[in-house]
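Student: I would like to learn how to read a model like this one, feature by feature. Could we start from a single side chain and work outwards?

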Amino acid sequence: ALQTQRGDFVLQANPWLAQSIEKLPQLLEEKPYYLMLSNALLAHEPDLAERIWAEVQRQRESAVYQERRDAYLAKP
């Protein structure tokens, strides 16, 4: 059992393994993760809150992040 993203990466990177493993459609467990911002921050500094979310998105879509994510997922 692996996290979906890691499992998908391993199977994609190893076609011979994907032929002998069945990926089941149901999740073992699902956990949402959030970056929490306080109501006070949102009320007093809404522009800062928007900049934080925009930066999270920018980082997630950056080539550097994606390379690091792929390198992490490729580790045995």
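Tutor: Gladly. This is a predicted model, and a good place to begin is S62, whose side chain reaches the backbone nitrogen of Y65 at 3.1 Å.

Student: Where does S62 sit in the chain?

Tutor: S62 belongs to the loop between helix 4 (46-61) and helix 5 (63-74).

Student: Is S62 buried or exposed?

Tutor: Here a cut-off helps: a residue counts as buried under 20% relative accessible area. S62 has a relative accessible area of 17%, so it is buried.

Student: And what about its partner, Y65: which element holds it, and how accessible is it?

Tutor: Y65 is in helix 5. Its relative accessibility is 38%, and it therefore counts as partly exposed. Leaving out residues up to four places away in sequence, Y65 touches Q59 and R60.

Student: How should I describe two helices that pack together?

Tutor: Two packed helices are described by the angle between their axes and the distance between the axes. For helix 4 and helix 5, the angle is about 60° and the axes are 5 Å apart. That makes helix 4 oblique to helix 5.

Student: Which residues meet there, and how do they divide by character?

Tutor: From helix 4 come Q59, R60 and E61, and they meet A63, Y65 and Q66 of helix 5. The residues of this contact divide into two nonpolar, two polar and two charged.

Student: What are the angle and the axis distance for helix 1 and helix 5?

Tutor: Helix 1 (residues 4-13) packs with helix 5 at an angle of about 75°, with their axes 9 Å apart. The cut-off to recall is that 65 to 115 degrees counts as roughly perpendicular, which means helix 1 is roughly perpendicular to helix 5. On the helix 1 side the contact is made by Q5, R6, F9 and V10, and on the helix 5 side by R69, D70, Y72, L73 and A74. The residues of the contact of helix 1 with helix 5 divide into five nonpolar, one polar and three charged.

Student: Now let us step away from helix 5. Where is Y33, and is it buried or exposed?

Tutor: Y33 is in the loop between helix 2 (15-18) and helix 3 (39-44). With a relative accessible area of 69%, Y33 is exposed. The C-alpha atoms of Y33 and Y65 are separated by 18 Å, and these residues are 32 apart along the chain.

Student: And A43: which helix is it in, and how far is it from A63?

Tutor: A43 lies in helix 3 and counts as exposed at 58% relative accessibility. A43 and A63 are 20 residues apart along the chain, with their C-alpha atoms separated by 33 Å.

Student: Let us finish with the whole chain. How many helices and strands does the chain have, and why is it called more spread out than a compact globule?

Tutor: The chain has five helices and zero strands, in the pattern α-α-α-α-α along the sequence. Its radius of gyration is 18 Å, well over the 11 Å that the globule rule gives for 76 residues, so the chain is more spread out than a compact globule. The C-alpha atoms fill a box of roughly 55 × 30 × 15 Å along the principal axes.

Student: What share of the residues is buried, and what share of the contacts joins residues 24 or more positions apart?

Tutor: Buried residues make up 11% of the 76 in the chain. Of the contacts with a separation of 6 or more, 39% are between residues 24 or more positions apart.

How values were computed: Residues are numbered from 1 along each chain as its sequence is written. This is a predicted model: local features need pLDDT of at least 70, side-chain atom pairs count only at pLDDT 80 or more; totals for chains, interfaces and linings use all residues. Side-chain values use heavy atoms; hydrogens and water are left out. Helices (H or I, at least four residues) and strands (E, at least two) are DSSP runs, numbered from the N terminus. Buried means under 20% relative accessible area, exposed over 50%, partly exposed in between (1.4 Å probe, protein chains only). A polar contact is a pair of N or O atoms within 3.5 Å; within protein, one must be able to donate a hydrogen and the other to accept it, and residues adjacent in sequence count only if both atoms are side-chain atoms. Axes are lines fitted to C-alpha atoms, for helices over the stretch in contact, and angles run from 0 to 180 degrees between N-to-C directions. Angles under 35 degrees count as roughly parallel, over 145 as roughly antiparallel, 65 to 115 as roughly perpendicular and the rest as oblique. Contact means heavy atoms within 4.5 Å. Ala, Val, Leu, Ile, Met, Phe, Trp, Tyr, Cys and Pro count as nonpolar, Asp, Glu, Lys and Arg as charged, and the others, Gly among them, as polar. The radius of gyration is taken over C-alpha atoms; the globule rule is 2.2 Å times the number of residues to the power 0.38.
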